[in-house]
Amino acid sequence: MRLYLDTADRPLAEPLLHTGLFWGVTTNPLLLQAAGLKTAQLPEFYAWATGLGAKEVFFQSWGPDAQSLVARGLELRAIGERVVVKLPVNRAGCQAAAELRRQGCPVLLTAVYAPAQVLLGALAGAQYVAPYLSRIGEAGRNARAEVAAMQRLLRELESPTQILAASLRHPDDVVALSQDGVRAFTLGPALARQLFDEPLTETAVLAFEQAMKEVSS
């Protein structure tokens with residue numbers, strides 16, 4: 001199982017990366033914008049993330065057509081061997097994914113909303129496809145059931161493509177989808193912190209500490 005941090009905000013991500021529990025960092029243009037990062041700063045961001053132990057760093061390519069997506073994807077990949085290139089799961093993105101995979105570049109297809117798009121990702125040879133769980137739910141659909149169906153599809157195809165569940169809102173989403181066989185999740189820092197927050201555990205820890213003070217005096 002792998003957990004990723006979905007952010008480009010270094011102060012928020014750093015203490016979580018220090019736990020050693022997060023496999024890497026996922027970003028997209030909106031997250032870069034929110035963090036005030038420019039594309040020229042991506043090598044610095046990559047060095048920071050990998051320096052803290054990130055084994056994969058996801059940067060999203062951009063452009064109006066497959067050729068542009070491929071060219072920029074290769075530029076992103078040149079930043080470092082741990083870069084995974086994100087692409088939209090539209091026609092241009094799928095075409096670019098197939099070409100980048102042909103050139104040995106790992107890719108993720110993002111903004112997935114339907115099982116048919118997972119099939120496209122598998123055919124393109126993508127390492128990951130990223131369904132947006134909460135946004136599927138906001139569209140009035142049973143989001144967990146649909147992502148579980150995507151996972152079953154990949155299992156039936158015996159495809160190496162993996163679901164990387166995104167747009168999660170609650171720790172229970174991680175638990176439920178894990179039970180359905182999903183093994184990779186990307187979490188915003190606020191949600192990632194919630195994984196560690198359990199009031200009953202905190203009460204027990206305080207009791208342990210108090211007892212330890214008494215027995216060690």
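Start by selecting C105: this cysteine is buried, with a relative accessible area of 1%. Keep in mind that you're looking at a predicted model.

Now add C94 to the selection. C94 is buried too, with a relative accessible area of 13%. Why don't these two cysteines form a bond? The sulfur of C105 has its closest cysteine sulfur in C94, and that one is 15 Å away, too far for a bond. Look from the other end and C94 likewise finds its closest cysteine sulfur in C105, at 15 Å. A disulfide is a covalent bond between the sulfur atoms of two cysteines. If you go hunting for disulfides here, you'll count zero.

Next stop: the nonpolar core. The largest one has 55 residues, and L87, I163, L168 and F185 are the ones with the most contacts inside it. Click on L87 and show what's around it. Skipping its neighbours within four places in sequence, L87 is in contact with S61, L69, G93, A96, A97, L100, V107, L108, L109 and T110. Apart from that core lies another, made of ten residues; try selecting V84, Y128, L164 and A184, which are among them.

Last stop: S167. You'll find S167 in the loop between β7 (162–163) and α9 (171–179). Is S167 buried or exposed? With a relative accessible area of 12%, S167 counts as buried because the cut-off for that is under 20%. Now show the side chains of S167 and S134: they make a polar contact with each other, at 2.5 Å. Leaving out residues up to four places away in sequence, S167 touches Y132, L133, S134 and R135.

Note on methods:
Residues are numbered from 1 along each chain as its sequence is written. This is a predicted model: local features need pLDDT of at least 70, side-chain atom pairs count only at pLDDT 80 or more; totals for chains, interfaces and linings use all residues. Side-chain values use heavy atoms; hydrogens and water are left out. A nonpolar core is a set of buried Ala, Val, Leu, Ile, Met, Phe, Trp, Tyr and Cys residues joined through side-chain atoms within 4.5 Å. Buried means under 20% relative accessible area, exposed over 50%, partly exposed in between (1.4 Å probe, protein chains only). Contact means heavy atoms within 4.5 Å. Helices (H or I, at least four residues) and strands (E, at least two) are DSSP runs, numbered from the N terminus. A polar contact is a pair of N or O atoms within 3.5 Å; within protein, one must be able to donate a hydrogen and the other to accept it, and residues adjacent in sequence count only if both atoms are side-chain atoms. A disulfide is a pair of cysteine sulfur atoms within 2.5 Å.
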